Each structure stands twice: as structure tokens, then as C-alpha cells.
Amino acid sequence: MSIVIRIAEEKDLLPIQRLVAKAGLSDSGIEQQVENFLVAEDDKKIVGTIGIEKVGVDGLLRSLVMQSDNWNAKIGLEFVQLALAYAEKRGIETLYLLTKQSTEFFEYLGFKEVGEQEVPKHLKESPHFSQFTSGVTKVLACRLKEE
């Protein structure tokens, strides 16, 4: 297995949408954000994706998906660490994510749970943040650049 990570291109839109939908996540808005996604390829087939949407100086991490037969903890960790480095390179100061799942993996990477009131208004107004459901969805944040 030789996995290659690269920035998504327009031709990757349909495979990304299929992967995200198969994982039961919303693919809403991906068509406007495809250049903000990274993809993991194994033998030229997209087996993973993660989105980094820049909103002002902040960003939203979305749609982390890896096909189960290609997933292991080491690959997942490296994939997210590359995404964090990519976000920092793009000038994102704080990266947020929404989850209904366990937070331990992201906490290991430096994310901390934050209250809805701590989320900047410009992020709350983004299309992806509309998936937030108080009491169900958790918001995590990771500061990439120190003040």
C-alpha cells in the first residue's frame, strides 16, 4: 500500500462526494470547496479525504473520511497532521470542527471542546456550520498560530 496525499482537483469532486456520502456525512457545499480538500490516493484511487474551509482567519475541518480497508491509526494521524500543516500554511489561525463522535482522536492532536458562544460569528454563518445542533454536536477548536 502506497498512499499519496495531494490537494484535490475539480476531477476529484465526484469521488470525494461518493466517499463522504458513503460515510454518512453531508456533502453539501463540497462542489464550491473542492480546492480546499486534500485527498489520499492508493494506486490512483481516492481512499480518503479531508476538507479545510478557510473562513476569514479561521477554518473549518470537515469531512474526514478514510475507507476502512485503508485505515489504520498511523495513516489517520499522519493524514490529519498534514491537514493541520496545510491549514497553517494557508494562514488559518484557529481550526474548528463539528462532531457527534468521540473527541479523543482530535484532542490528542491539540483540539479542545469549546462552547457555541466561543465560535466566531463568521464561522457560525458559514454553510457547513448550519449542521450544528445544540446538545448533539460538539465543537472543537485547535489554535494553529499563537498570538
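Leaving aside its neighbours within four places in sequence, with which residues is Glu53 in contact? The residues are Gln33, Asn36, Asp58, Gly59, Leu60, Arg62 and His128, where contact means heavy atoms within 4.5 Å. The structure is a predicted model, in which local features need pLDDT of at least 70 and side-chain atom pairs count only at pLDDT 80 or more, while totals for chains, interfaces and linings use all residues. Residues are numbered from 1 along each chain as its sequence is written, and side-chain values use heavy atoms, with hydrogens and water left out.

**Confidence**

- The chain has a mean pLDDT of 88, pLDDT being the predictor's confidence in each residue, from 0 to 100.
- A pLDDT of 70 or more is reached by 97% of the residues of the chain.
- Confidence is highest in strand 6 (residues 112–114), at a mean of 95, and lowest in helix 5 (residues 121–124), at a mean of 88.
- Where pLDDT is low, the predicted coordinates should not be read in detail.

**Overall architecture**

- The chain contains five helices and seven strands; these are DSSP runs numbered from the N terminus, with helices (H or I) of at least four residues and strands (E) of at least two.
- Read from the N terminus, the order of the elements is β-α-α-β-β-β-α-β-α-β-α-β.
- The chain is as compact as a globular protein of 147 residues, because its radius of gyration of 14 Å is close to the 15 Å that the globule rule gives for that length.
- That radius is taken over C-alpha atoms, and the globule rule is 2.2 Å times the number of residues to the power 0.38.
- Along the principal axes, the C-alpha atoms fill a box of roughly 45 × 30 × 25 Å.
- Among contacts in the chain with a separation of 6 or more, 70% are between residues 24 or more positions apart.

**Surface and burial**

- The chain has an accessible surface of about 8,100 Å², and 49% of this belongs to carbon and sulfur atoms.
- Accessible areas come from the Shrake-Rupley method with a 1.4 Å probe; for residues, only the protein chains shown count as cover.
- Of the 147 residues, 48% count as buried; buried means under 20% relative accessible area, exposed over 50%, and partly exposed in between (1.4 Å probe, protein chains only).

**Glu53 and Arg62**

- Glu53 belongs to strand 3 (residues 45–55).
- Glu53 counts as buried because its relative accessible area is 5%.
- Its partner Arg62 is also buried, with a relative accessible area of 2%.
- The side chains of Glu53 and Arg62 are joined by a polar contact of 2.7 Å; such a contact is a pair of N or O atoms within 3.5 Å, and within protein one must be able to donate a hydrogen and the other to accept it, with residues adjacent in sequence counting only if both atoms are side-chain atoms.
- Arg62 and Glu53 also form a salt bridge, with the closest N and O atoms 2.7 Å apart; a salt bridge is a side-chain nitrogen of Lys or Arg within 4 Å of a carboxyl oxygen of Asp or Glu.

**Arg6, Asp12 and Glu41**

- Arg6 is placed in strand 1 (residues 3–7) and is buried, at a relative accessible area of 18%.
- Beyond its neighbours within four places in sequence, Arg6 is in contact with Lys11, Asp12, Phe37, Leu38, Val39, Glu41 and Ile46.
- A salt bridge links Arg6 to Asp12, the closest N and O atoms being 2.7 Å apart, and Asp12 is buried at 3% relative accessibility.
- Glu41 is found in strand 2 (residues 37–42) and counts as buried, at 12% relative accessibility.
- A polar contact of 2.9 Å connects the side chains of Glu41 and Arg6.
- Outside its neighbours within four places in sequence, the contacts of Glu41 are Ser2, Ile3, Val4, Arg6, Ile46 and Val47.

**Salt bridges across the structure**

- Side chains of opposite charge can pair when their charged atoms come close.
- The structure holds eight salt bridges.
- One of them joins the side chains of Lys121 and Glu125 (3.3 Å, N to O).
- Lys121 is exposed, with a relative accessible area of 61%, and Glu125 is exposed as well, at 56%.
- Arg6, Glu9, Lys11, Asp12 and Glu41 are joined into one network by salt bridges that share partners.
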